[in-house]
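Trainee: I should like to learn how to read a structure of this kind. Would you take me through its features one at a time?

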There are 2 protein chains.
Amino acid sequence: MNVQFKKGVLTLCVLVLTLKKDRYGYELVNKISEQFLIAEGTIYPLLRRLTKDGYFTTYLLESQEGPPRKYYQLTESGKTYIEVLIKEWELFSTGVNRLIEEGTKSDEG
Amino acid sequence: MNVQFKKGVLTLCVLVLTLKKDRYGYELVNKISEQFLIAEGTIYPLLRRLTKDGYFTTYLLESQEGPPRKYYQLTESGKTYIEVLIKEWELFSTGVNRLIEEGTKSDEG
DNA sequence: AACAAGTACTAAACATTGCAAGGTACCTAT
DNA sequence: ATAGGTACCTTGCAATGTTTAGTACTTGTT
């Protein structure tokens, strides 16, 4: 998968997956990778960034399957940011699709 | 518009707009900016890159409205690359939309 | 007990690419 | 001549995903 496509959109994906329940990093890597592969080295710096920017708070929980998991919980600011990002994504992807249509369909203006 | 969303996707937009007819840089800036704003400083380096990579050949044509225009014409390699990029874009954007749905709809797995 | 494999997190160096800012130059109209 | 629109180019910067390497915990196997 084209690496560059993911730039910025990963932020949206990570945030949106924590809307309904708190998640930990490793879980997010696997969840997102069901749709398109991402590396662990991408997620952890991103999570740190989003936490530093006030979109997440974190807490540790022990696990029976390995070392403790660091859970990420959305803040109000994070929820607001998601809405902005989703709207921007819709505008953007619609724009791209329009250009593709314009470029591949019979007539153009 | 989120800058990061554009990473990589601009390549697709530029290529696809030259499928049906050759275009010049300034024209591409305006055409793409109808959907989402992009800067001239983005397009010209991108066009040089794509030409260097063998996706475009170029030629100059005089204009009555200003200095000569450098037209970009797709090569066979460029046409092949577009098909790949469009497929990747479809897979990617579908994946993102699925994650958004999964994150915003009632139940999830 | 030793080892491998899966889980889980972290860090540093790197590559790619879009933007801002600045510049050159042509043409038309005032 | 001066301004504004057209058209191109370059440099330095910022943002972010990948690669690679490493730490450490748990469970199952030999």
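Trainee: Which part of DNA strand C lies 2.9 Å from a polar side-chain atom of E40(A)?

Mentor: In this predicted model, the partner of that E40(A) side-chain atom is a base nitrogen of DNA strand C. Other contacts go to the phosphates. A backbone N or O atom of Y26(A) is placed 2.7 Å from a phosphate oxygen of DNA strand C, and R48(A) brings a polar side-chain atom to 3.5 Å from a phosphate oxygen of that strand.

Trainee: Which elements give two or more residues to the surface near DNA strand C?

Mentor: From chain A they are α2 (25–33), α3 (40–52) and β3, and from chain B α3 (40–52). The largest share, four residues, is that of α3(A). By character, the residues of this surface comprise 10 nonpolar, nine polar and nine charged.

Trainee: Which residues come nearest to DNA strand C?

Mentor: There are 28 residues around DNA strand C, and Y44(A), R69(A), K70(A), K6(B) and T42(B) come nearest. Of the atoms of DNA strand C that come within 4 Å of the protein, 74% belong to sugar and phosphate.

Trainee: How should I read the surroundings of DNA strand D, and which residues come nearest there?

Mentor: One may proceed in the same order. Of 30 residues around DNA strand D, the nearest are G8(A), T42(A), Y26(B), R69(B) and K70(B). Sugar and phosphate make up 75% of the DNA strand D atoms that come within 4 Å of the protein.

Individual contacts then add detail. An N or O atom in the side chain of R69(B) is 2.3 Å from a phosphate oxygen of DNA strand D, while K70(B) places a backbone N or O atom 2.6 Å from a phosphate oxygen of that strand. For Q64(A), a polar backbone atom is 3.0 Å from a sugar or linking oxygen of DNA strand D.

Trainee: Which element supplies the largest share of the surface near DNA strand D?

Mentor: That element is α3(B), with five residues. At least two residues each come from α3 of chain A and from α2, α3 and β3 (69–74) of chain B. The residues of this surface divide into 12 nonpolar, nine polar and nine charged.

Trainee: In what order do the strands of the chain A sheet lie?

Mentor: The order is β1-β3-β2, in an open sheet of three strands with antiparallel pairing. The strands β1 (23–24) and β2 (56–61) of chain A each have a single partner strand and stand at the edges, so one side of each lacks a neighbour in the sheet. Six bridges join β2(A) to β3 (residues 69–74) of chain A in the antiparallel sense. Within the sheet, L60(A) is opposite K70(A) of β3(A).

Trainee: What is the general idea behind a nonpolar core, and which residues touch the most other members here?

Mentor: Nonpolar side chains tend to be buried together in soluble globular proteins. The largest nonpolar core here has 60 residues, of which I32(A), W89(A), I32(B) and W89(B) touch the most other members. Beyond its neighbours within four places in sequence, W89(A) is in contact with residues including V9(A), L12(A), F5(B), W89(B) and F92(B).

Trainee: Is K31(B) buried or exposed?

Mentor: K31(B), a residue of helix α2 (residues 25–33) of chain B, has a relative accessible area of 9% and is therefore buried, the cut-off being under 20%. The K31(B) side chain makes a polar contact of 2.9 Å with the side chain of E102(A).

Notes: Residues are numbered from 1 along each chain as its sequence is written. Chains are lettered from A and ligands numbered from 1 in the order in which they are written. This is a predicted model: local features need pLDDT of at least 70, side-chain atom pairs count only at pLDDT 80 or more; totals for chains, interfaces and linings use all residues. Side-chain values use heavy atoms; hydrogens and water are left out. Two strands pair if DSSP finds at least two bridges between them. A residue is near a molecule or strand if one of its heavy atoms lies within 4 Å of it. A polar contact is a pair of N or O atoms within 3.5 Å; within protein, one must be able to donate a hydrogen and the other to accept it, and residues adjacent in sequence count only if both atoms are side-chain atoms. Ala, Val, Leu, Ile, Met, Phe, Trp, Tyr, Cys and Pro count as nonpolar, Asp, Glu, Lys and Arg as charged, and the others, Gly among them, as polar. A nonpolar core is a set of buried Ala, Val, Leu, Ile, Met, Phe, Trp, Tyr and Cys residues joined through side-chain atoms within 4.5 Å. Buried means under 20% relative accessible area, exposed over 50%, partly exposed in between (1.4 Å probe, protein chains only). Contact means heavy atoms within 4.5 Å.
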